[in-house]
Amino acid sequence: MAVLTFCAFSQYTFAQETATTPEKYTAHNKGKFFVTWGGNRANYTKSDIHFKGDDYNITIHDVKAEDKPKGYHIDYLNPARMTIPQTNLKFGYFITDHYNITIGVDHMKYVMNQNQIANVSGNINLPASEESSIYNGTYNNTPTEMTKDFLQFEHTDGLNYIHTQINRVDDISKWFSLPNTDKFQINLTEGIGGGLLYPKTNTTLLGKDRHDEFHVSGYGISAQAGINFTFFKHFFIQGELKGGYIDMQDIKTTKSDADSASQHFAFLERIISVGGIFRL
């Protein structure tokens, strides 16, 4: 009888303790919505850029390009000027505790290194009345300086990668013996995705007027890995490395429909962002 009484009392006490210990908010993610905002630095591989029009058809080989960082600036916080720096915006929703789906925009900037020497192949046959007709001729891997009169080429407003992504998130707080993840939590995240390139390309080729409007130019695929630090359940800082491949087959360069460019290259982004996460 005493044993039965002790067992019953123990079960009652355990049930009370369980009932009075609420589950942590950070224990489950399913159904949570989040948004992130941050900045990036980017690197690009060399690429061949093919330009074609009524009077020219040339390929410039192994073109070097860099990003165009703004640095720490109030423009990152000003919605009216938020496309001036290199920024990243992302909205996401957890479909399970470990997996979420995101939609985002990586606003990178791509600027061809001016005055570099690059090999050019193809033909230029501009009317003799045009000033740039001095470049007329046949090029066969001909080393050519990329002066402003010959070519200025950049996606600076910008190299906009509009994508969707699926990501996995794992809480690794226990690795560091963190006692209360509702106060501070550490997560690892990895993901893969793809989407469209919607750049505003600023190009001056052989003195022609530039197009200078947003245009769907191609597609991209990417993969990322990062670490997330969540504070007080709802706020976080996240660092990511993202690599990918961009293929743009329809870059608008001038006002003429006959003029266009194409290129493909790989990229690597380093991203730091802040965000909030809430249950709907």
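Colleague: Is Phe51 buried or exposed?

Modeller: Keep in mind that we're looking at a predicted model. Buried means under 20% relative accessible area. Phe51 comes out at 0% relative accessibility, so this residue counts as buried.

Colleague: Which residue forms an edge-to-face aromatic pair with Phe51?

Modeller: The structure holds 13 aromatic pairs. In one of them, the two rings sit 5.7 Å apart centre to centre, with 90 degrees between their planes. Planes over 60 degrees apart count as edge-to-face, and here the partner of Phe51 is Phe153.

Colleague: How many residues apart in sequence are the parts that this pair ties together?

Modeller: Start with where each ring lives: Phe51 is in strand β2 (residues 47–53), while Phe153 belongs to strand β9 (residues 151–171). Phe153 is buried, by the way, with a relative accessible area of 1%. Because the two rings lie in those two strands, the pair ties together parts whose separation in residues is 102.

Colleague: What about Phe214, is that one buried, exposed or partly exposed?

Modeller: Phe214 sits in the loop between β11 (201–205) and β12 (218–231). Leaving out residues up to four places away in sequence, Phe214 touches several others, including Tyr198 and Pro199. Its relative accessible area is 38%. Buried is under 20% and exposed is over 50%, with the third class in between, so Phe214 is partly exposed.

Colleague: And which residue lies over the face of Tyr25?

Modeller: Look for a charge sitting over the ring, where the cut-off is within 6 Å of the ring centre. At 5.5 Å from the ring centre of Tyr25, you'll find Arg279.

How values were computed:
Residues are numbered from 1 along each chain as its sequence is written. This is a predicted model: local features need pLDDT of at least 70, side-chain atom pairs count only at pLDDT 80 or more; totals for chains, interfaces and linings use all residues. Side-chain values use heavy atoms; hydrogens and water are left out. Helices (H or I, at least four residues) and strands (E, at least two) are DSSP runs, numbered from the N terminus. Buried means under 20% relative accessible area, exposed over 50%, partly exposed in between (1.4 Å probe, protein chains only). Contact means heavy atoms within 4.5 Å. Rings of Phe, Tyr and Trp (its six-membered ring) pair if their centres lie within 6.5 Å; planes under 30 degrees apart count as stacked, over 60 as edge-to-face and the rest as tilted. A charge sits over a ring if NZ of Lys or CZ of Arg is within 6 Å of the ring centre and within 35 degrees of the ring normal.
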